[in-house]
Amino acid sequence: MSEFTQLMVSGVFTGMLYALLALGFVVVVKGSGVINFSQGEVVVLGAFVVSWLLTDVGVPFWLGVPATVVVMMVVGAGIERFALRPLQNESMLALVMATIALGSIIRGLVPMIWGDGLRSIPSLIDQRRYEWFGISIPTITFWSAVMVLILLGAFGFFFSRSRLGLAMQAVSDDRVAAQSLGINIRLVNAVSWAMAGGIAALAGYVWGSLLGVDSRLVVLGALIFPVVILGGLESIVGAVIGGIAVGLVESLSAGYLNDDLGAGFSTVAPLIMLLLVLFVRPYGLFGRPEIERV
Amino acid sequence: METGRFHEKYAEEIAVYGTPYRRIWILAVLAVTFVVVPLVASPYWLVVLTLVGIAAVGATGLNVLVGYAGQISLGHAAFAAVGAYTSGLLVSRADAPFWVAIPTAMVAAGVFSLIFGLASLRVKGLYLAIATLAAQYIVQWILSSWTWITGGFQGIVIFEPIEIGPFDTTTPTGKYLLVFITLAVVVMFVENLMRSRSGRAMIAVRDQDIAAAGSAVSPLRYKLLAFFISSAIAGLSGVLYGYNAGLVSTEVFTLALSVQYLAMILVGGLGSIPGSILGAAFITMLPIWLRDLLPAVGIELSASVEVHLLTMLFGVAILLFLVLEPRGLYGLFRNIKDYFRMWPFSY
């Protein structure tokens, strides 16, 4: 029983970190409707930038992390400007293909700049674990989860209350209608990609601290999809619920099934969950259920 | 003066030999491929062309899905792996003859892919790309951790050579012939598929799914059919890979290979068979050119940097062609040809 509780609790906390990964994806869907296959790679880039700033350049933490966020926002806006804007009148197939290409570019570029070795991120909080009632959680996971909750709240507020947030949702709903109401589509697209970049910087910092910075982190990109498919492609609440579900599936299968089914099953289990969700409820728990079955 | 070719009957539209010259061209290409090249080419070029041919089989298959049905697959390397392992294991464990093993492998790859197709093709949108990304990771995990399937160290499966007339597939000529005979069959199949009701239905679903559904063309059915055919051909290219290398191991069929297939059809030209072959040639030759040209200009790269550089260049190639020439190399070729057909009076 105590093992089960431990697995559940750490699953929920890790789930918050998955929600952070998915948030960057959701922001792009909300702002431009593009299914972004490069978010995982952008997160890896963020992890490498933050690790390079903090260790090689020696910038202090309070400056290094915000600086990474700024750098990655510029990267995100640059991706939109130079890769996606030239395609803005093309089909969705072309846009999605462009994000796949971007993923491949970043996957090649990152080890060419920083090499193949494992890097680390100096941790702000010492590597302890919190112990409550016999359940232990690494400090970094705990505080990251708290940060994610605050961030998710802020984005939820932004999308439901602010003028720009509503404009972004309008664009993803219907580009032409939004444009004819005077919404600046280019601005909206650029802002959503910049936000995705900034979120990727934070996700890179958190996941890099947890797992070490290394190009194998790109597997996180594949784990975004179970989160957003379960939660609904453009729902922030969905990203939280989906993230927690993925965290639980991963943690429980790591605890109980890895020995029987082979090492690494816990990474694949969320992907199997993804297939099951697609079979049952393809638009997710919180997605817009207006699906055209044609 | 000729101003262009205009079809007056539907039969002219779907004719394989649109002009009398086309028949001569096709015969010439076949003669060069199957007679001249095997006699003239050096073993080095036979090896390179064989690799191009294997890639061209996979790319032609993927083009059925992306070019004609308008869906993206990120799992074609995984389906190639299913094909390669099925045929390899059937031959090595069950002593099946190759003419049983190869069709079985294609069906296995197609049926396996349907799991992912059924999950994602029922709804509109590019969900197939997500499901096939999952397929890619699931297959990679199965290959690396279920050693009772793949057998032994790093999942290596040995392929027994096949005899083709006087050649067997241990010689470069035999491999070349096996691959290009297969490619010719695949090209003929896909060309005819596109002239049939099914092929036109796929294009209809790609262009206007609602109108297609209104014309009693079931989008799900034709998207699934395109995906099944495409994955079965990917399985076939996996089999060819196995016969060419003599063995398969788990590290071959990665996500990078799936992206490489996408790069081939985008560089070559979406929805065009000559485009698939041109793209396969371009993407397969790229590492060879890099290896020959970079040292010539004084840049020496280590093997690992070269892999990363290639990964990046494949992405750059996709992006450049998407933005600058969406119809690919074949579209470029057609433009140039049309320009010179009426030269100097082109308009």
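**Exercise 1. Which residue forms a salt bridge with B:Asp207, and how far apart are the closest N and O atoms?**

Welcome! Before the solution, a word on the model. It is predicted, so to speak in its own terms: local features need pLDDT of at least 70, side-chain atom pairs count only at pLDDT 80 or more, and totals for chains, interfaces and linings use all residues. Residues are numbered from 1 along each chain as its sequence is written, chains are lettered from A and ligands numbered from 1 in the order in which they are written, and side-chain values use heavy atoms, with hydrogens and water left out.

Step 1. Take the rule: a salt bridge is a side-chain nitrogen of Lys or Arg within 4 Å of a carboxyl oxygen of Asp or Glu.

Step 2. Apply it: the partner is B:Arg206, with the closest N and O atoms 2.9 Å apart.

Step 3. Check the surroundings, where buried means under 20% relative accessible area, exposed over 50%, and partly exposed in between (1.4 Å probe, protein chains only). B:Asp207 has 47% and is partly exposed; B:Arg206, at 35%, is partly exposed too.

**Exercise 2. Find what B:Arg291 and A:Asp56 pair with, and place each pair in the fold.**

Step 1. B:Arg291 forms a salt bridge with B:Glu306, the closest N and O atoms being 3.1 Å apart. This pair links distant parts of the chain, 15 residues apart: B:Arg291 sits in helix 13 (residues 273-296) of chain B and B:Glu306 in helix 14 (residues 303-324) of chain B. Helices here are DSSP runs of H or I with at least four residues, strands are runs of E with at least two, and both are numbered from the N terminus.

Step 2. Compare burial: B:Arg291 is partly exposed at 47%, whereas B:Glu306 is buried at 14%.

Step 3. In chain A, the side chains of A:Asp56 and A:Arg119 meet in a salt bridge (3.1 Å, N to O). A:Asp56 belongs to helix 2 (residues 39-57) of chain A, and A:Arg119 to the loop between helix 4 (92-114) and strand 1 of chain A, 63 residues away. A:Arg119 is buried, with a relative accessible area of 15%.

Step 4. Over all chains, the count comes to six salt bridges.

**Exercise 3. Describe the strands of chain A and their setting.**

Step 1. Chain A has 12 helices and two strands, in the order α-α-α-α-β-β-α-α-α-α-α-α-α-α from the N terminus.

Step 2. Strand 1 (residues 129-132) and strand 2 (residues 135-138) of chain A pair in the antiparallel sense over four bridges; pairing requires that DSSP finds at least two bridges.

Step 3. A:Tyr130 stands opposite A:Ile137 in strand 2 of chain A. Two residues lie between the strands of this hairpin, and A:Phe133 takes a positive phi near 50 degrees.

**Exercise 4. Relate the record to the model for two spans of chain A.**

Step 1. The unreviewed UniProt entry places "transmembrane region" at several spans of chain A, including residues 61-79 and 91-115. UniProt positions follow the numbering used here, feature names are shortened, and annotations may be inferred rather than shown by experiment.

Step 2. Residues 61-79 of chain A are 100% helix and 0% strand, with end C-alpha atoms 26 Å apart.

Step 3. For residues 91-115 of chain A, the values are 92% helix and 0% strand, and the end C-alpha atoms lie 36 Å apart.

Step 4. Of the 294 residues of chain A, 59% count as buried.
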